[in-house]
Amino acid sequence: MNENDLSAVCDNKCRFIHCYAGNVGSVHDQQVFRLSELKNYLDDATIYFPINTHLIGDAAYTLHEHLLVPYHDNGHLTQKKFNFYHSSASMAVERSFGFLKGQFRSP
């Protein structure tokens, strides 16, 4: 079964501010990101991102000047506090998708 991969950006109020749904089939998150407009926005950050503005991405993404990803835990992680706050901030995305799914529940 093929399904569309969806990439989305949400703000801290669980509002979708950017969505990309363009790949049919199973595609890695990083590949979806590379194909989306969002990658172009990040590459031309002076237009789209005010100073000290960042997106929060999960571990599937690579670090970028305006895209923060969690540190990989290899058993000696000293940045656990950063990962905790990163995870807390990224929960807005999970809540946003939860709200969206709730709008289209089937009986």
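Visitor: What share of the chain do buried residues make up?
Guide: Buried residues come to 29% of the 107 residues in the chain. Keep in mind that this is a predicted model.

Visitor: How many helices and strands are there, and what pattern do they follow?
Guide: The chain has four helices and four strands. Going along the sequence, you meet them as β-β-α-α-α-β-β-α.

Visitor: Let's pick a residue. What makes asparagine 83 count as buried?
Guide: Buried means under 20% relative accessible area. Asparagine 83 has 15% relative accessibility, so asparagine 83 counts as buried. You'll find this residue in helix 4.

Visitor: Which residues is asparagine 83 in contact with, leaving aside neighbours within four places in sequence?
Guide: Those are Pro70, Tyr71 and Leu77.

Visitor: Why is histidine 54 called partly exposed?
Guide: The label covers values between 20% and 50%. Histidine 54 comes in at 36%, so partly exposed is the right name.

Visitor: Where is histidine 54, and what is histidine 54 in contact with?
Guide: Look in the loop between helix 3 (45-48) and strand 3 (55-56). Setting aside neighbours within four places in sequence, the contacts of histidine 54 are Glu65, His66 and Leu68. The side chain of histidine 54 also reaches the backbone oxygen of glutamate 65 at 3.5 Å. And the C-alpha atoms of histidine 54 and leucine 67 are 5.5 Å apart, although 13 residues separate the two along the chain.

Visitor: On to the rings. How many aromatic pairs are counted?
Guide: The count is three aromatic pairs.

Visitor: What makes the pair of tyrosine 71 and phenylalanine 82 edge-to-face?
Guide: Two values settle the matter. Ring centres have to lie within 6.5 Å to pair, and planes over 60 degrees apart count as edge-to-face. Here the centres are 5.3 Å apart and the planes stand at 80 degrees, so the pair is edge-to-face.

Visitor: Which parts does the pair of tyrosine 71 and phenylalanine 82 tie together?
Guide: Tyrosine 71 sits in the loop between strand 4 (67-68) and helix 4, while phenylalanine 82 is in helix 4, so the pair ties together parts that are eleven residues apart in sequence. Tyrosine 71 is partly exposed at 43%, and phenylalanine 82 is partly exposed at 33%.

Visitor: How do you know what to call the pair of phenylalanine 84 and tyrosine 85?
Guide: Use the two cut-offs again. The ring centres are 5.4 Å apart and the planes are at 75 degrees, so this pair is edge-to-face.

Visitor: Why are phenylalanine 84 and tyrosine 85 called exposed?
Guide: Exposed means over 50% relative accessible area. Phenylalanine 84 has 53%, so exposed fits. Tyrosine 85 has 52%, so exposed fits there too.

Visitor: How much space lies in the largest pocket, and which residues lie nearest its centre?
Guide: About 730 Å³ of space lies in the largest pocket. Its lining has 27 residues, and Ala8, Ile56, Gly57, Asp58 and Val93 lie nearest the centre.

Visitor: Which elements give two or more residues to the lining of the largest pocket?
Guide: They are strand 1 (4-10), helix 1 (29-35), helix 2 (37-43), strand 3 and helix 4 (80-103).

Visitor: How do the residues of the lining of the largest pocket divide?
Guide: The split is 17 nonpolar, five polar and five charged.

Definitions and conventions: Residues numbered from 1 in each chain as written. Predicted model: local features only at pLDDT ≥ 70, side-chain atom pairs only at ≥ 80, totals over all residues. Heavy atoms only, no water. Buried < 20%, exposed > 50% of the residue type's maximum accessible area, 1.4 Å probe, protein only. Contact = heavy atoms within 4.5 Å. Polar contact = N/O pair within 3.5 Å; in protein donor to acceptor, adjacent residues only side chain to side chain. 1 Å grid on protein atoms, 1.4 Å probe; cavity = no way out; pocket = protein on both sides within 12 Å on 5 of 7 lines; lining within 4 Å. Points joined across faces, edges and corners; volume = space filled by probe spheres on them. Nonpolar A, V, L, I, M, F, W, Y, C, P; charged D, E, K, R; others polar. Phe/Tyr/Trp six-rings, centres within 6.5 Å; stacked < 30°, edge-to-face > 60°.
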